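Q: I'm new to this structure and would like a close look at just one part of it. Could you pick a helix and walk me through what packs against it?

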Amino acid sequence: MEDDRYIPLSYISQFNYCIRRVGLLMLEQQWNDSTDTVKGTAEHKNVHTVGTEFRDGKYILTEHEVFSKQLGLIGKCDAIEAVPDSNGTCLSLFGDQRYSLYPIEYKHGKLRTEEEYELQLCAQAMCLEEMYSSKIASGAVFYINSHRRKEVAFTEKKRQGVIETALSLTQMLDNKQIPQAESSPKCSRCSLKDICMPDISSSISDYMKNIRKEIRRDDK
Ligand code: SF4
């Protein structure tokens, strides 16, 4: 994979929220702050202090860059706990000692289950596994408002979800086609709603489908 073809890891989450949204972001570089994204960005600033610290017997790495050649993904982990473990992996940062790695993704809001966040976290773990030749069984999404973690197991199903999403993103980048809007309850919370215009784009799409149907009927 060429360097400029690496896709931001966060698009794994965006894709699983709405494929039109990720199309707009990736192919038209649209980004419109909603209250949620502004709050999320402000809260992330507390987390996004690059560095390492040693606390409670483990290292905590923040803003750690990760990538995967196999998946064509690049991004950052908000935090990674590196716990001493003789069966773990060597991190060049900390000499010869071995560590098991536990990625943590920080998200705005209260504790809940969000499949798209969990896939993004799993993608981070898969990047770390490739970079450090290690195996990572689980990580956590930390919900800032509840101040609580949701533990996420990196099952085969989740890993397959990451692989399929990464492939779909690459295909979207190649095809340069922004998917049609499908109006759903998610649209009311979407920061791109004014740009996307889901109701109008859906009706135009239906209109075009009907026209094509009419043309086919006339051809018979
Ligand atoms: S408004 Fe709805 S269809 Fe459009 S990008 Fe947002 S979630 Fe997707």
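A: What follows is a look at helix α1 and its surroundings, starting with some background. This is a predicted model, in which local features need pLDDT of at least 70 and side-chain atom pairs count only at pLDDT 80 or more, while totals for chains, interfaces and linings use all residues. Residues are numbered from 1 along each chain as its sequence is written, and side-chain values use heavy atoms, with hydrogens and water left out.

Let's get our bearings. The chain has 7 helices and 7 strands; these are DSSP runs numbered from the N terminus, with H or I over at least four residues for a helix and E over at least two for a strand. Starting at the N terminus, the order of elements is β-α-α-α-β-β-β-β-α-β-β-α-α-α. Of the 220 residues in the chain, 45% are buried, meaning under 20% relative accessible area with a 1.4 Å probe and protein chains only (exposed is over 50%, partly exposed in between).

Now to α1, which spans residues 10–17. Since 6 of its 8 residues are buried, α1 is largely enclosed by the rest of the structure. Those buried residues are Tyr11, Ile12, Ser13, Gln14, Phe15 and Tyr17. What covers them includes β1 (7–8), α2, β4 (73–90), α4 (115–132) and α5.

Let's look at two of those neighbors, starting with α2 (residues 19–28). Two packed helices are described by the angle between their axes and the distance between the axes. For α1 and α2, the angle is about 135 degrees and the axes are 5 Å apart. The axes are lines fitted to C-alpha atoms, for helices over the stretch in contact, and angles run from 0 to 180 degrees between N-to-C directions. That angle makes the pair oblique, therefore: under 35 degrees is roughly parallel, over 145 roughly antiparallel, 65 to 115 roughly perpendicular, and the rest oblique.

Who touches whom here? On the α1 side you'll find Tyr11, Gln14, Phe15 and Tyr17, meeting Ile19, Arg21, Val22, Leu25 and Met26 of α2, where contact means heavy atoms within 4.5 Å. By class, that contact has 7 nonpolar, 1 polar and 1 charged residues. Nonpolar covers Ala, Val, Leu, Ile, Met, Phe, Trp, Tyr, Cys and Pro; charged covers Asp, Glu, Lys and Arg; the others, Gly among them, are polar.

α2 is mostly covered too, with 7 of its 10 residues buried. They are Arg20, Arg21, Val22, Gly23, Leu24, Leu25 and Met26. Just after α2 comes Gln29, with a positive phi of about 50 degrees.

The other neighbor is α5 (residues 156–175), packed against α1 at about 90 degrees with the axes 10 Å apart. The two are therefore roughly perpendicular. Tyr11, Ile12, Phe15 and Asn16 of α1 meet Val162, Thr165, Ala166, Ser168, Leu169 and Met172 of α5. This contact divides into 7 nonpolar, 3 polar and no charged residues.

One last stop is the ligand. Around the ligand sit Cys18, Arg21, Glu182, Cys187, Cys190, Lys193, Cys196 and Pro198, each with a heavy atom within 4 Å. Arg21 is also one of the α2 residues that meet α1.
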